[in-house]
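Reader: Please take a close look at one part of this model, the nonpolar surface patch and what lies around it. Keep it brisk.

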Amino acid sequence: MVLIPFLSPLGWYYNYLYALPAVLLVLGRWPDIPRVGQYILVFDLVTIGASLREVLRALPFRFYTHNSLIALNFLVLLAGLAALRARRIA
């Protein structure tokens, strides 16, 4: 479900909600994440949350979406999930 934002137009905000279970999984295992990973994930989640056109305004929003920076944000979230999964298996 976290990959759905890759398949949809990047300006459709409601598609970001499909990644909400991933966010909840990360937050549920927050103490298991190393401190550096916590900082990266906080920055990532704030960036995803602040990626609204109303927050960024027109020009920065256009740069953000046209360069697919939101895709990088969701890849970081996916990497966080993968790291948590790897720690659980090991």
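Author: L3 sits in the segment before α1; helices here are DSSP runs of H or I with at least four residues, numbered from the N terminus. L3 counts as partly exposed because its relative accessibility is 44%. Buried means under 20% relative accessible area, exposed over 50%, and partly exposed in between, with a 1.4 Å probe and protein chains only.

This is a predicted model: local features need pLDDT of at least 70, side-chain atom pairs count only at pLDDT 80 or more, and totals for chains, interfaces and linings use all residues. Residues are numbered from 1 along each chain as its sequence is written, and side-chain values use heavy atoms, leaving out hydrogens and water.

L3 joins F6, L7, L72 and L75 in a nonpolar patch on the surface, with about 490 Å² of accessible area together. Both α1 (4-7) and α6 (69-89) give two or more residues to the patch. Patch residues have over 30% relative accessible area and no salt bridge (Lys or Arg side-chain nitrogen within 4 Å of an Asp or Glu carboxyl oxygen). Their nonpolar side chains (Val, Leu, Ile, Met, Phe, Trp, Tyr) are joined within 5 Å. Areas come from the Shrake-Rupley method with a 1.4 Å probe; only the protein chains shown count as cover.

Now the interior. The largest nonpolar core has 15 residues; V2, V26, I70, F74 and L77 touch the most other members. Contributors of two or more residues are α2 (20-28), α3 and α6. The most comes from α6, with five residues. Such a core joins buried Ala, Val, Leu, Ile, Met, Phe, Trp, Tyr and Cys through side-chain atoms within 4.5 Å.

Methods: Patches are made of residues with over 30% relative accessible area and no salt bridge: like charges are joined within 9 Å, nonpolar side chains (Val, Leu, Ile, Met, Phe, Trp, Tyr) within 5 Å.
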